[in-house]
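Here are a few exercises to work through with the model open in your viewer. Try each one yourself before you read the solution.

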Amino acid sequence: MAQLADLLRSYPGFQFPTQFCLAGAYGSSVICFQNFYDQVFRDAEVPVALQLFGFDGSGVAVGSLERELGTGEAAHVNCSELGMREPGLVAVAALPRF
């Protein structure tokens with residue numbers, strides 16, 4: 001598997017996207033995220049603010065939360081923590097805390 005730094009060198013216009021996925025019924029989906037920024041910014045501490053936003057099937061926001069993650073740390077968030085009780089959409093963004 002390619003390292004993120006290799007991808008950035010090969011594709012200089014690459015942007016870190018906000019990712020999203022469909023949540024399962026009754027909030028049974030779990031979002032897994034790892035702070036990988038140490039692969040891009042070698043030898044640097046890059047904590048992030050992990051932000052998650054839940055939406056129901058009609059696009060109405062049902063909840064959000066923010067978790068602070070240090071370099072290399074991971075989080076597992078059950079969609080029920082976002083107030084999701086039915087299938088919907090979860091948007092995730094990791095904002096570096098420089």
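Two strands count as paired if DSSP finds at least two bridges between them. Keep that in mind, and remember that this is a predicted model.

**Exercise 1.** Work out the strand pairings of β3 with β4 and with β6.

*Solution.* Step one: take β3 and β4, which run antiparallel and are joined by 8 bridges. With at least two bridges needed for a pair, β3 and β4 qualify on their 8. Step two: find a partner to anchor the register; Phe 55 has Ala 61 in β4 as its bridge partner. Step three: look at the turn, where 4 residues sit between the strands of the β3 and β4 hairpin and Gly 59 has a positive phi near 90 degrees. Step four: go to β6, which pairs with β3 over 9 bridges, again in the antiparallel sense. Here Asp 56 has Gly 88 of β6 opposite.

**Exercise 2.** Is β3 largely enclosed or not, and why?

*Solution.* Step one: the cut-off for buried is under 20% relative accessible area. Step two: count along the strand. Because 7 of the 9 residues of β3 are buried, the rest of the structure largely encloses this strand. Step three: set that beside the overall figure, which is 32% buried for the 98 residues of the protein.

**Exercise 3.** Which residues have the most contacts inside the largest nonpolar core, and which elements give two or more residues to that core?

*Solution.* Step one: the core holds 17 residues, and Leu 50, Leu 52 and Val 90 have the most contacts inside it. Step two: the elements giving two or more residues to this core are β2 (30-34), β3 (48-56), β4 (61-69), β5 (74-78) and β6 (88-96). Step three: pick Leu 52 and list its contacts beyond four places in sequence; among them are Ile 31, Leu 65, Val 77, Leu 82, Val 90 and Val 92. As background, nonpolar side chains tend to be buried together in soluble globular proteins.

**Exercise 4.** Is Asn 35 buried or exposed, and what does it touch?

*Solution.* Step one: locate Asn 35 in the loop between β2 and β3. Step two: its relative accessibility is 1%, so Asn 35 counts as buried. Step three: go through its contacts beyond four places in sequence, which include Val 46, Pro 47 and Val 48 as well as Leu 69, Gly 70 and Thr 71. Step four: check the side chain of Asn 35, which has a polar atom 3.2 Å from the backbone nitrogen of Tyr 37.

Notes. Residues numbered from 1 in each chain as written. Predicted model: local features only at pLDDT ≥ 70, side-chain atom pairs only at ≥ 80, totals over all residues. Heavy atoms only, no water. Buried < 20%, exposed > 50% of the residue type's maximum accessible area, 1.4 Å probe, protein only. Core = buried A, V, L, I, M, F, W, Y, C linked by side-chain atoms within 4.5 Å. Contact = heavy atoms within 4.5 Å. Polar contact = N/O pair within 3.5 Å; in protein donor to acceptor, adjacent residues only side chain to side chain.
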